[in-house]
Amino acid sequence: MSQNISFNIYVMSYQRPNIHFTEKLLEYCTYVVREEEAEDYKKNGHNNLLVIPTGEVSDFVSTFFWIIENTNEDVIAIVDDDVKYFMYRTIDCINIKSDEEGKILVSQELERIAQLIVDLDIGIAYPPMSKALYAYDREFNFLGVPGQFRIVNKKRFKATYNPKDDARGDIDICMQEILKNRICLREMYFLPNAFQDKILGEEEYDSRKEHYDYVYALMNKWGKYFDYDFKKNIAKIKIAR
């Protein structure tokens, strides 16, 4: 990062004090946990914590915005806590080892993307959800559903949080940024691979009905610019570029 730009990596975690996945892949990071769980995280060896006071967050999105508003750095990476490895994707997929050299490499990639959005004056960057080789056709594109980390340039980021908005979520954040900033940066070559199955300690937070309610809320809010393939379970941001 530029000398005058501060940066840190935050790992958002909930009900997983005994899980040490993402932090084993990074050179440095701060875990963000709720106050009522902080002691359990400390007992399980998570030493670098940012603690959210009781009652200030209720879901992923409120936690995401709380981190942005309660950290001092100019640019931050917010990473999910269930990443099992990072990888490069071009003509093949190459997993990055979780040794010391790999940790430095992963952290430097996050720093590189952070520097890019500062240089380009963009509010947010993220990887895609799809890890398929056929989905890679360029190093960067400018919209799409985000994967397991988000890098936020606070000076430029314009999306807001409304607890009464049923469409609040990752996709809505991206749609807001496209509306207000006209662009997101989605890098396609450096990807986190998260666990697909339920992990020990994870709360059963979602049901099919809740998921469909969220999808319909997005469709109602964003109209023709958002669609969802219910057969394939794929969200589609439909903005011409």
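Q: Taking a salt bridge as a side-chain nitrogen of Lys or Arg within 4 Å of a carboxyl oxygen of Asp or Glu, which residues are linked with Asp80 in a network of salt bridges?
A: Keep in mind that this is a predicted model. In it, the side chains of Asp80 and Arg150 meet at 2.8 Å, N to O. The network that contains this pair takes in one further residue, and its full membership is Asp80, Arg150 and Asp170.

Q: How many residues apart in sequence are the parts that Asp80 and Arg150 tie together?
A: Both residues are buried. Asp80 sits in strand 4 and Arg150 in strand 9, so their salt bridge ties together parts of the chain whose separation in sequence is 70 residues.

Q: Is strand 4 largely enclosed or left open by the rest of the structure?
A: Start with the two sides: Val75, Ala77 and Val79 point one way, Ile76, Ile78 and Asp80 the other, and all of them are buried. That fits the usual pattern, because side chains in a regular strand alternate between the two faces of the sheet. With six of six residues buried, under the 20% cut-off, strand 4 comes out as largely enclosed.

Q: Which strand runs antiparallel to strand 4?
A: Strand 1 (residues 7–12) pairs with strand 4 over six bridges, but in the parallel sense; there, Phe7 has Val75 as its bridge partner. On the antiparallel side, Ile78 stands opposite Arg150. Five bridges make up that pairing, and the partner is strand 9.

Q: Which element gives the largest share of the largest nonpolar core?
A: This core has 36 residues, and Phe64, Ile67 and Ile124 are among those with the most contacts inside it. Contributors of at least two residues each include strand 1, strand 4, helix 4 and helix 2. The largest share is six residues, and it comes from helix 2.

Q: What is the angle between the planes of Phe64 and Phe157?
A: Beyond its neighbours within four places in sequence, Phe64 touches Met12, Ile78, Ile124, Arg150, Val152, Phe157 and Ile173. With Phe157 it forms an aromatic pair, 6.3 Å centre to centre, that links helix 2 to the loop between strand 9 and helix 4, 93 residues apart. Both rings belong to buried residues. Edge-to-face needs planes over 60 degrees apart, and this pair has 70°.

Q: Is the pair of Phe149 and Phe190 stacked, edge-to-face or tilted?
A: These two buried residues belong to one aromatic cluster with Phe86, Tyr88, Phe140 and Tyr189. Phe149 lies in strand 9 and Phe190 in strand 11, so the pair ties together parts 41 residues apart in sequence. The planes are 45° apart, between the cut-offs of 30 and 60 degrees, and the pair counts as tilted.

Q: How many residues apart in sequence are the parts that Glu139 and Arg112 tie together?
A: Their side chains meet in a salt bridge at 3.4 Å, N to O. At 34%, Glu139 counts as partly exposed, and Arg112 does too, at 39%. Glu139 is in the loop between strand 7 and strand 8 and Arg112 in helix 3, so the parts tied together have a separation in sequence of 27 residues.

Q: What is the relative accessible area of Asp121?
A: Asp121 forms a salt bridge with Arg156 (3.9 Å, N to O). Arg156 is partly exposed at 26%. Asp121 is partly exposed as well, and its relative accessible area is 41%.

Notes
Residues are numbered from 1 along each chain as its sequence is written. This is a predicted model: local features need pLDDT of at least 70, side-chain atom pairs count only at pLDDT 80 or more; totals for chains, interfaces and linings use all residues. Side-chain values use heavy atoms; hydrogens and water are left out. Buried means under 20% relative accessible area, exposed over 50%, partly exposed in between (1.4 Å probe, protein chains only). Helices (H or I, at least four residues) and strands (E, at least two) are DSSP runs, numbered from the N terminus. Two strands pair if DSSP finds at least two bridges between them. A nonpolar core is a set of buried Ala, Val, Leu, Ile, Met, Phe, Trp, Tyr and Cys residues joined through side-chain atoms within 4.5 Å. Contact means heavy atoms within 4.5 Å. Rings of Phe, Tyr and Trp (its six-membered ring) pair if their centres lie within 6.5 Å; planes under 30 degrees apart count as stacked, over 60 as edge-to-face and the rest as tilted.
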